[in-house]
Amino acid sequence: MIEISKLTKTYDRGTKALKDVNITIDDGEFVFITGRSGSGKSTLIKILLKEVEPTSGRVVVNDMDLRKMPRRYVPKYRRRLGVVFQDFRLLKDKTVYENVAFAQRVIGESSRTIRESVPQMLKMVGLSSKYKFFPHQLSGGEQQRVAIARALINRPEILLADEPTGNLDPHNAMEIMGLLEKINRRGTTVIVVTHSHEIVDLMKKRVITIDRGMVVCDEEESGYHYED
Ligand SMILES: Nc1ncnc2c1ncn2[C@@H]1O[C@H](COP(=O)(O)OP(=O)(O)OP(=O)(O)O)[C@@H](O)[C@H]1O
């Protein structure tokens, strides 16, 4: 569960990126966060990842108060969140298999666990036949599937996806959305930041709209009111 209350972020130069934001996201929810460029979406994600410190307010993720979290615990905390970005961020000189396996190696999983779990995860994202390919040999949609497999391999409770379809054509974008929905059905909380009106309208999920740092709309099934 994520509980955000009275969250404010003012950057050093005085930009108020978030103002009195209150959001509760229950376990197992699928939520879109949307809003025009500069509205504060990425700031919110960075605060959840503990990459940016709030100016004031409270953020509790799975019973952990981020403000009170000791610095040494932050890497472990981040591993409990899966993260996917617009630009995939794959390791270019590693194969599909190795990109996913690497995320397990860094936390010290045994070779046996890796040999079992990576093929299962590649099957889940529909990439079993391309496990030996390098990122440059894959389409954008396929690269994003690898990134999703990597984000999920350590079984995070929450998946944060920041514009996951921003670099994809509409067909691939909808395929990725279908995959995120499948992941959500298996129990992972999924939070997707997107600009795309089409995706938000089609998916019929909860939509939180941020405008100039404030939550202006939070509705089930597409309460989507801003103009670009
Ligand atoms: N490190 C920073 N220092 C100062 N101001 C910042 C910093 N990061 C973001 N901002 C400002 O905070 C505001 C919100 O930015 P943020 O990146 O959170 O918006 P966004 O909704 O994610 O935008 P986009 O959709 O374009 O990614 C903007 O006015 C931006 O210029």
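The shell around the ligand divides into eight polar, two charged and two nonpolar residues. Bear in mind that this is a predicted model. Helix 1 (residues 41–48) gives the most to that shell, with three residues. Beyond the ligand, the points below cover an open sheet, helix 6 and a few backbone angles.

**Around the ligand**
- The surrounding residues are Y11, R13, T15, A17, G35, S37, G38, S39, G40, K41, S42 and T43.

**The open sheet**
- Here four strands form an open sheet, and its order is 2-1-4-5 with antiparallel pairing.
- Its edges are strand 2 (16–25) and strand 5 (64–65), each of which pairs on one side only.
- Strand 1 (residues 2–10) runs antiparallel to strand 2, and six bridges join the two.
- If you would like a place to start looking, I4 stands opposite I23 in strand 2.

**Helix 6, end to end and side to side**
- Helix 6 (residues 170–185) has 16 residues, which at 1.5 Å a residue should span 22 Å; its end C-alpha atoms are 22 Å apart, so expectation and model agree.
- Buried residues in this helix are A173, I176, M177, L180 and I183.
- These buried residues cover an arc of only 115 degrees around the axis, which means that they sit on the same side of helix 6.
- Turned away from that buried side is a face carrying the exposed residues H171, G178 and R185.
- Among the elements covering the buried residues of helix 6 are helix 5 (140–152), strand 7 (158–162), strand 8 (189–193) and helix 7 (197–203).

**Positive phi values to check**
- After helix 6 comes G187, with a positive phi near 115 degrees.
- E163 is a residue other than glycine, yet its phi is positive, near 50 degrees.
- You will find E163 in the loop between strand 7 and helix 6.
- E163 counts as partly exposed because it has 19 C-beta neighbours inside 10 Å, whereas a buried residue needs 20 or more.
- K204, also not a glycine, has a positive phi near 55 degrees.
- The loop that holds K204 lies between helix 7 and strand 9 (206–211).
- With 11 other C-beta atoms within 10 Å, K204 is exposed, since the limit for that class is 12 or fewer.

How values were computed
Residues numbered from 1 in each chain as written. Predicted model: local features only at pLDDT ≥ 70, side-chain atom pairs only at ≥ 80, totals over all residues. Near = placed C-beta within 6 Å. Nonpolar A, V, L, I, M, F, W, Y, C, P; charged D, E, K, R; others polar. Pairing = 2+ DSSP bridges. Expected span 1.5 Å × (residues − 1). Arc of directions from axis to C-beta. Contact = placed C-beta atoms within 7 Å.
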